[in-house]
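Here are some exercises to work through with the viewer open. Try each task before you read its solution.

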Amino acid sequence: TPERDDERGLFATLRECAVAEIATSPDEARHVLPLALPKATIRTAGRVNDLAFAPHRPVIAFGTGRRKAAVWNFQTGEVEQIVSGFAHAVGLIAFAPDGKLLCAERAKTTAEPCEIYLIHDVRRLPVGRHDGSVTVLKMLDAERLLSAGRDEKAAMWHVGERRQISAQGLTVWPRAGTVSPDAH
């Protein structure tokens, strides 16, 4: 029996599966075996506003209402990184295809500027800004990022160079956005 409390429950579940009758058909197997077994749990103070899975590593990043972002390894169950010092809540999180982490702020009013940051180690490098909350944060490809905000503006940014490529005024502010697989 494992020594750690968090591993005992998983061990008991696996032991039940090991002594159960062997399923001989796919339908039986689906009924007998669970879709997933919980391996690790993380707790955080405050509200989690967004999360994203890293493209090539077993980590998720999440942004909180307490002005922090964290990167959590869901295989080891350990926090790898905590980034703080944001002016507002971290409302959106995204990973670039190469694993770069981006965070966007969310504010209570449209008069407050909200930054988009590239996270490098624990440093927050500003990429761009919207007046009011950032409501869309989507990578178009390895370097281009699409954002939109409560300021009724959509913008494209070059992440590596941390500069705006283009911007477009909108007649309303979008609550969400997505990008087609071919980024058009």
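Before the hairpins come up, one term: two strands count as paired if DSSP finds at least two bridges between them. Keep in mind, too, that this is a predicted model.

**Exercise 1. Trace the sheet that contains S7**

Task: Find the order of the strands in the open sheet of four strands that includes S7, and say which strands lie at its edges.

Solution.
- Step 1. Reading across the open sheet gives S5-S6-S7-S8, and the pairing is antiparallel.
- Step 2. S5 (89-95) and S8 are the edge strands, since each pairs on one side only.
- Step 3. From one strand to the next, the twist averages 25°.

**Exercise 2. Follow S7 and its two neighbours**

Task: How many bridges link S7 to S6, and how many link S7 to S8?

Solution.
- Step 1. Begin with S6 (residues 101-106), which is antiparallel to S7 and shares four bridges with it. Leu101 has Ile119 as its bridge partner in S7.
- Step 2. Next, look at the connection: six residues make up the hairpin link from S6 to S7.
- Step 3. Now turn to the other side, where S7 and S8 (residues 123-131) run antiparallel and are joined by eight bridges. Pro113 faces Asp131 of S8 in this pairing.
- Step 4. Finish at the turn between S7 and S8: this hairpin has two residues between the strands, and Asp121 adopts a positive phi near 60°.

**Exercise 3. Classify a charged residue in S7**

Task: Is Glu115 buried or exposed, and which side chain does the side chain of Glu115 contact?

Solution.
- Step 1. Locate Glu115 in strand S7. Six of the eight residues of S7 (residues 113-120) are buried, so that the strand is mostly covered.
- Step 2. Apply the cut-off: buried means under 20% relative accessible area. Glu115 is buried because its relative accessibility is 13%.
- Step 3. Check for a partner: the side chains of Glu115 and Arg129 make a polar contact of 2.5 Å.

**Exercise 4. Place Leu92**

Task: Why does Leu92 count as buried, and how far is Leu92 from Asp50, C-alpha to C-alpha?

Solution.
- Step 1. Leu92 belongs to strand S5.
- Step 2. Its relative accessibility is 18%, and therefore Leu92 counts as buried.
- Step 3. Compare sequence with space: Leu92 and Asp50 are separated by 42 residues in sequence, while their C-alpha atoms are 5.4 Å apart.

**Exercise 5. Trace the sheet that contains S11**

Task: What is the order of the strands in the open sheet that includes S11, and what do its hairpins look like?

Solution.
- Step 1. This open sheet has four strands, ordered S9-S10-S11-S12, with antiparallel pairing. S9 (134-139) and S12 are its edge strands, each pairing on one side only. Ignoring direction, neighbouring strands of this sheet are turned by 20° against each other on average.
- Step 2. S10 (residues 144-149) and S11 (residues 153-158) are antiparallel and share five bridges. Here Arg144 is opposite His158 of S11. The hairpin of S10 and S11 has three residues between the strands, with Glu152 at a positive phi near 60°.
- Step 3. Going on to S12 (residues 163-169), the antiparallel pairing with S11 has six bridges. Two of the pairs you can pick out are Ala155 opposite Ala167 and Met156 with its bridge partner Ser166.
- Step 4. In the hairpin of S11 and S12, four residues lie between the strands, and Arg162 takes a positive phi near 50°.

**Exercise 6. Describe two pockets**

Task: What volume does the largest pocket have, and what volume does the second largest pocket have?

Solution.
- Step 1. The largest pocket holds about 280 Å³ of space. It is lined by 13 residues, and the closest to its centre are Arg4, Asp6, Lys39, Ala40 and Thr41.
- Step 2. Sort that lining by class: three residues are nonpolar, six polar and four charged.
- Step 3. For the second largest pocket, the volume is about 240 Å³. Its lining also has 13 residues, with His88, Ala89, Arg106, Ala107 and Lys108 the closest to the centre.
- Step 4. Sorted by class, the lining of the second largest pocket has three nonpolar, three polar and seven charged residues.

Technical notes:
Residues numbered from 1 in each chain as written. Predicted model: local features only at pLDDT ≥ 70, side-chain atom pairs only at ≥ 80, totals over all residues. Heavy atoms only, no water. Buried < 20%, exposed > 50% of the residue type's maximum accessible area, 1.4 Å probe, protein only. 1 Å grid on protein atoms, 1.4 Å probe; cavity = no way out; pocket = protein on both sides within 12 Å on 5 of 7 lines; lining within 4 Å. Points joined across faces, edges and corners; volume = space filled by probe spheres on them. Nonpolar A, V, L, I, M, F, W, Y, C, P; charged D, E, K, R; others polar. Axes fitted to C-alpha atoms, helices over the stretch in contact; angles between N-to-C directions. Polar contact = N/O pair within 3.5 Å; in protein donor to acceptor, adjacent residues only side chain to side chain.
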